[in-house]
Amino acid sequence: MKPINVGLLGIGTVGGGTFTVLKRNEEEITRRAGRPIRITRVADRDLELARRVAGDGVALTDDAFAVVSDPDIDIVIELIGGYTVAKELVLQAIDNGKHVVTANKALLAVHGTEIFEAAQKKGVMVAFEAAVAGGIPIIKALREGLSANRIDWLAGIINGTTNYILSEMRDKGLPFADVLKEAQALGYAEADPTTDIGGFDAAHKATLMASIAFGIPVQFDKCHVEGLVGLESVDIRYAERLGYRIKLLGIARRREHGVELRVHPTLVPAKSLIANVEGPMNAVLVHGDAVGPTLYYGQGAGAEPTGSAVIADLVDVTRLHTADPEHRVPHLAFQPDQMADQPVLPIEEAETACYLRMRVADQPGALADITRILADNQISIDAMLQREPDEGEDQTDIIILTHRSIEGRINDAVLKIEQLPVVVGKLTRLRLEDLDK
Ligand code: HSE
């Protein structure tokens, strides 16, 4: 049967993995797709590298635009990344009637609306399984496997670099900066780690998942993002003593008047499955009204795991490219004319439990002053821990876990507590999610 022709833009780690797996499992993949899938053209600035990875029999160029306008190419895989050239190439490929497979979460989280609209008009597919959680088929699960459900919420460890850093900080009791250096030396963290440790990579992925889960447009600019910078090992230890672990979670939750979309370090119960996802592994917990909780676990990065997701999309596109566009799975799971206009709520309206750590003068009435402010803000206390002061020390740490409350009220209480004469310096505030309903 006639092969489907694929053009690959950018042959880095994931491109290499895609080649390896396509070749190794060629027979099985063909049996699934119904026809052979062949990468026939590769564009990369490094032609020597491209030759080494792609081998003979693949046409190479350093001009990616030549690939997207090649009439023999049916599917374009975009693995260049970023917003600028990648966006032009994807839009050009769509305009030329080509289907697109991409791992570019940043591009889709920011420019998804424009890209999906263009693809819709042109009747082509834009598939992006590899953009979220590497090899875990989370897009497939959310978009198809859970389509009976009203999805209530999802929460994911969707950045391996930060999960590795958090695991090391907990295991070895090391400060963030030391572990980051170690992660860079081992090649887990990029030389410029801002996108990962700043939480932006997770926010791109959370934005895409929220969109598919709730049928809302992609709105990266509305996602509240906090990364690991400033997180102290002492909080990991106190959390542990209270029965929690700290994970960088991407969270999307349906609320009555809108959707919460946020990325931040989060305390989760130490016994929960997701708390035990360690090192660079990823996991996404999705709660649907019919199915209840479901958990997806696997490698969120790497050549073959991400290549696995790219190829799954190639197989999907190969099976469906002759189908009437109306009979394909919509890009964002919901029919384009059925997208909801549920707003993404400002972070002040989010509802979460909290971990509050404060340094206080160890004197009568200190705790009473603090708890009064919480009570006045209708914030209920769930648990408390006070560090035993050292010999001769006249200050101590108090850690309070609250029940769920509206963020705005917590902000107000934190400001007032910081102004108390018995409180020294700033409070450390982290969010806590039990993830049980
Ligand atoms: N840099 C990401 C991570 C992988 O650390 O998980 C690609 O999104």
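How many bridges join strand S5 (residues 99–102) to S6, and in which sense do the two strands run, parallel or antiparallel? The legends below take up this pairing after the ligand site.

The model shown is predicted, so that local features need pLDDT of at least 70 and side-chain atom pairs count only at pLDDT 80 or more, whereas totals for chains, interfaces and linings use all residues. Residues are numbered from 1 along each chain as its sequence is written, and side-chain values use heavy atoms, with hydrogens and water left out.

**View 1. The shell of residues around the ligand.** Lys105, Asn159, Gly160, Thr161, Asp196, Asp201, Lys205 and Ala301 surround the ligand, each having a heavy atom within 4 Å of it. By class, this shell holds four charged residues (Asp, Glu, Lys and Arg count as charged), three polar and one nonpolar. Helix H8 (160–172) and helix H11 (200–214) each supply at least two of the shell residues, helices being DSSP runs of H or I with at least four residues and strands runs of E with at least two.

**View 2. Polar contacts of the ligand.** In a polar contact, two N or O atoms lie within 3.5 Å of each other. An oxygen atom of the ligand is 2.6 Å from a polar backbone atom of Gly160, while a polar side-chain atom of Asp201 lies 3.2 Å from a ligand oxygen atom, and an N or O atom in the side chain of Asn159 is 3.4 Å from an oxygen atom of the ligand. Of the 260 Å² of accessible area that the ligand has on its own, the protein covers 82%, as computed by the Shrake-Rupley method with a 1.4 Å probe.

**View 3. The open sheet of six strands.** The strand order is S3-S2-S1-S4-S5-S6, with parallel pairing, where two strands pair if DSSP finds at least two bridges between them. Strand S3 (59–61) and strand S6 (126–127) stand at the edges with a single partner strand each, so one side of each has no neighbour in the sheet. Two bridges join S5 to S6, and these strands run parallel; Val100 has Val126 in S6 as its bridge partner.

**View 4. Pairings of strand S17.** Strand S17 (residues 423–432) pairs with strand S10 (residues 258–269) in the parallel sense over two bridges, and Leu267 stands opposite Leu432 in S17. With strand S13 (residues 351–361), S17 pairs in the antiparallel sense over seven bridges, and the bridge partner of Cys354 is Arg431 in S17.

Technical notes. A polar contact is a pair of N or O atoms within 3.5 Å; within protein, one must be able to donate a hydrogen and the other to accept it, and residues adjacent in sequence count only if both atoms are side-chain atoms.
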